[in-house]
Amino acid sequence: MPDLRPLLFFDSGIGGLSVLAPTRALLPQAPLVYVADNGGFPYGTRSEAEIAARVPALLGRLAERYDPRLIVIACNTASTIALSAVRAALDLPVVGTVPAIKPAAALSRTRTIGVLGTEATVRQPYVDDLAARYAGDCTVLRHGSAELVTLAEAALRGATPDRKRLRAVLRGLFEQPGGEQIDVIVNACTHFPLLAPELAAAALQPVQFVDGGEGIARRVAHLTNATQWPSAAGPGLAVFTSGDGEFASLAPALARHGLRTIETL
């Protein structure tokens, strides 16, 4: 019998679509539920204590309601703070999203890497550990930006990102001591790959941008390799935790990712 349980993707907003997209390409028959915690958005400016309390409790409710085959926390901030607590609380596979420092170190020729994330993510000890383990011979510079999250959300609603504002965010990396040597930037927030072409065009110097989306997709495929998916996935479901949102403006972007039904929790 086909397994009708969905893959459930979770983020504070719609940035996690950058993780859903490569997974959907790899597993086109898998049913999908995408949850945006717009009631708690944005996570990047919240305290660690708020996120550590909110995310496991909310994912527990979501697991009961949607009975997922697997959960992807498609949010770097939530993953670096609450992933271990969620895994301990739920009896199903949970895949997190962490900054792609390892592949960035493999690509860098100058041995200087930029990590661009939310303020909450870039200050986490988890990032220190990743840098020590996988980029010990690199200089790792970090910059947190809540504005870039807002710009990505607006872009999915049809707004054109302001290049001057993008360039100002990137200056937060390039103008640090040693920043002129950066040749790879880790998009350490799932919102940021949604602006990848615009960020590349706004960059002050030649640089590659990397993120963990493809690696997460491969991990999900590996963990579900014995699953018999239905012959067709059917329309995916987008769930928002608050009714206070302009869902109509997001509907075209959600539909492009296979999410054709919208509901609130």
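Biologist: Okay, axes here are lines fitted to C-alpha atoms, for helices over the stretch in contact, and angles run from 0 to 180 degrees between N-to-C directions. So at what angle do α2 and α3 cross?

Modeller: The axes of helix α2 (residues 48-66) and helix α3 (residues 76-89) cross at roughly 55 degrees and come within 9 Å. Helices (H or I, at least four residues) and strands (E, at least two) are DSSP runs, numbered from the N terminus. One caution: this is a predicted model, where local features need pLDDT of at least 70 and side-chain atom pairs count only at pLDDT 80 or more, while totals for chains, interfaces and linings use all residues. Residues are numbered from 1 along each chain as its sequence is written, and side-chain values use heavy atoms, with hydrogens and water left out.

Biologist: Parallel, perpendicular, oblique: which word goes with α2 and α3?

Modeller: Oblique, for α2 and α3. Angles under 35 degrees are roughly parallel, over 145 roughly antiparallel, 65 to 115 roughly perpendicular and the rest oblique. The crossing of α2 past α3 is right-handed; that means the near helix is turned clockwise from the far one by less than a right angle, and anticlockwise would be left-handed.

Biologist: Which residues make that contact?

Modeller: On the α2 side, E48, I51, A52, V55, P56 and L59; on the α3 side, T77, A78, I81, A82, A85 and V86. Contact means heavy atoms within 4.5 Å. By class, the contact of α2 with α3 has 10 nonpolar residues, 1 polar and 1 charged. Nonpolar covers Ala, Val, Leu, Ile, Met, Phe, Trp, Tyr, Cys and Pro, charged covers Asp, Glu, Lys and Arg, and the others, Gly among them, are polar.

Biologist: Where does α2 lie relative to the strands?

Modeller: α2 lies across β1, β2 (32-36), β3, β9 (236-240) and β10, and runs at about 155 degrees to β1. Those strands belong to an open sheet of 6 with parallel pairing, in the order β4-β3-β1-β2-β9-β10. Its edge strands are β4 (94-95) and β10 (259-264), which pair on one side only. Strands pair if DSSP finds at least two bridges between them.

Biologist: How many bridges join β1 to β3?

Modeller: There are 4, between β1 (residues 7-11) and β3 (residues 70-73), which run parallel. F9 faces V72 in β3.

Biologist: What about the sheet of 4 strands, what's its order?

Modeller: β6-β5-β7-β8, open and with parallel pairing. β6 (139-144) and β8 (208-210) each have a single partner strand, so one side of each has no neighbour in the sheet. From one strand to the next the twist averages 25 degrees. In the pairing of β5 (residues 112-117) with β7 (residues 184-187) there are 4 bridges, and V186 in β7 is the bridge partner of V115.

Biologist: Switching topic: how many aromatic pairs are there?

Modeller: The count is 2 aromatic pairs, using rings of Phe, Tyr and Trp (its six-membered ring) with centres within 6.5 Å; planes under 30 degrees apart are stacked, over 60 edge-to-face, and the rest tilted. In one of the pairs, F10 and Y43 have ring centres 6.4 Å apart and planes at 40 degrees, so the pair is tilted. F10 is in strand β1 and Y43 in the loop between β2 and α2, so the pair ties together parts 33 residues apart in sequence.

Biologist: And which peptide bond is cis?

Modeller: The one from F41 to P42, with omega near -5 degrees. P42 sits in the loop between β2 and α2. As for backbone angles, D67 has a positive phi, near 45 degrees, though it's a residue other than glycine; D67 lies in the loop between α2 and β3.

Biologist: Back to helices. At what angle do α7 and α8 pack?

Modeller: About 150 degrees, for α7 (residues 147-156) and α8 (residues 163-174), with axes 10 Å apart. That makes α7 roughly antiparallel to α8. The crossing is left-handed. E147, L148 and L151 of α7 meet R165, L166 and V169 of α8, a contact with 4 nonpolar, no polar and 2 charged residues.
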